[in-house]
Amino acid sequence: GNAGGLTHHRIHFDKYHPGYFGKVGMRVFHLKAAKHYCPTINIDKIWTLVPKETRDVLSKDKAPVIDCVRAGFYKVLGKGSLPAQPVIVKAKFFSRGAEEKIKSVGGACV
């Protein structure tokens, strides 16, 4: 077993399992993992949230509403580009680049 890791089997533990003994980091007494849960989506993939039949019917004067939170994404990031179609995007957070790109095509961030 693991007996003797600090005494007669120390050479084996130090050689093959470095860092097995000891402590690292800070103790967090009540860790809330959901506090840091923030799935993201880039704006080049945001149109995949709109159904295909809705995409075909759209005209330039109507802006579709894309609810990212309903699709499971909390933050919209600015990688990629958008087509020249205005769009209303609902999300909890937007990066600065994403907000600029959405507004440049005549859209809105909600």
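1. A salt bridge here means a side-chain nitrogen of Lys or Arg within 4 Å of a carboxyl oxygen of Asp or Glu. K52 and D56 fit that description, since their closest N and O atoms are 3.5 Å apart. Please keep in mind as you read on that this is a predicted model.

2. Let's stay with K52 and D56 for a moment. Both residues belong to helix 2, where they sit four residues apart, or about one turn of the helix. As for the surroundings, K52 and D56 are both exposed.

3. How many salt bridges does a search of the whole structure find? The search gives three, and the pair in helix 2 is one of them. As general background, side chains of opposite charge can pair when their charged atoms come close.

4. Next, have a look at helix 3, which covers residues 96-104. Here K103 bridges to E99, with 3.1 Å between the closest N and O atoms. These two residues are about one helical turn from each other because they are four residues apart in the helix. K103 has a relative accessibility of 48%, so it counts as partly exposed. E99 is partly exposed too, at 30%.

5. The salt bridge between K79 and D44 deserves its own point. Their side chains meet with an N to O distance of 3.9 Å. K79 is in the loop between strand 3 (75-77) and strand 4 (88-90), while D44 is in the loop between strand 1 (40-42) and helix 2 (52-57), so this pair ties together parts that lie 35 residues apart in sequence.

6. Are K79 and D44 exposed or partly exposed? K79 counts as exposed because its relative accessibility is 53%, and exposed begins over 50%. D44 has 31% and therefore counts as partly exposed.

7. Finally, a word on S95, which you will find in the loop between strand 5 (93-94) and helix 3. With a relative accessibility of 17%, S95 counts as buried, because the cut-off for buried is under 20%. Which residues does S95 contact, leaving aside its neighbours within four places in sequence? They are K75, V76, L77 and G78.

8. One more distance links S95 to the loop pair discussed above. S95 and K79 are 16 residues apart along the chain, and 9.9 Å separates their C-alpha atoms. K79 is also the residue whose side chain meets D44 in a salt bridge, so you may like to view S95, K79 and D44 together on screen.

Note on methods. Residues are numbered from 1 along each chain as its sequence is written. This is a predicted model: local features need pLDDT of at least 70, side-chain atom pairs count only at pLDDT 80 or more; totals for chains, interfaces and linings use all residues. Side-chain values use heavy atoms; hydrogens and water are left out. Buried means under 20% relative accessible area, exposed over 50%, partly exposed in between (1.4 Å probe, protein chains only). Contact means heavy atoms within 4.5 Å.
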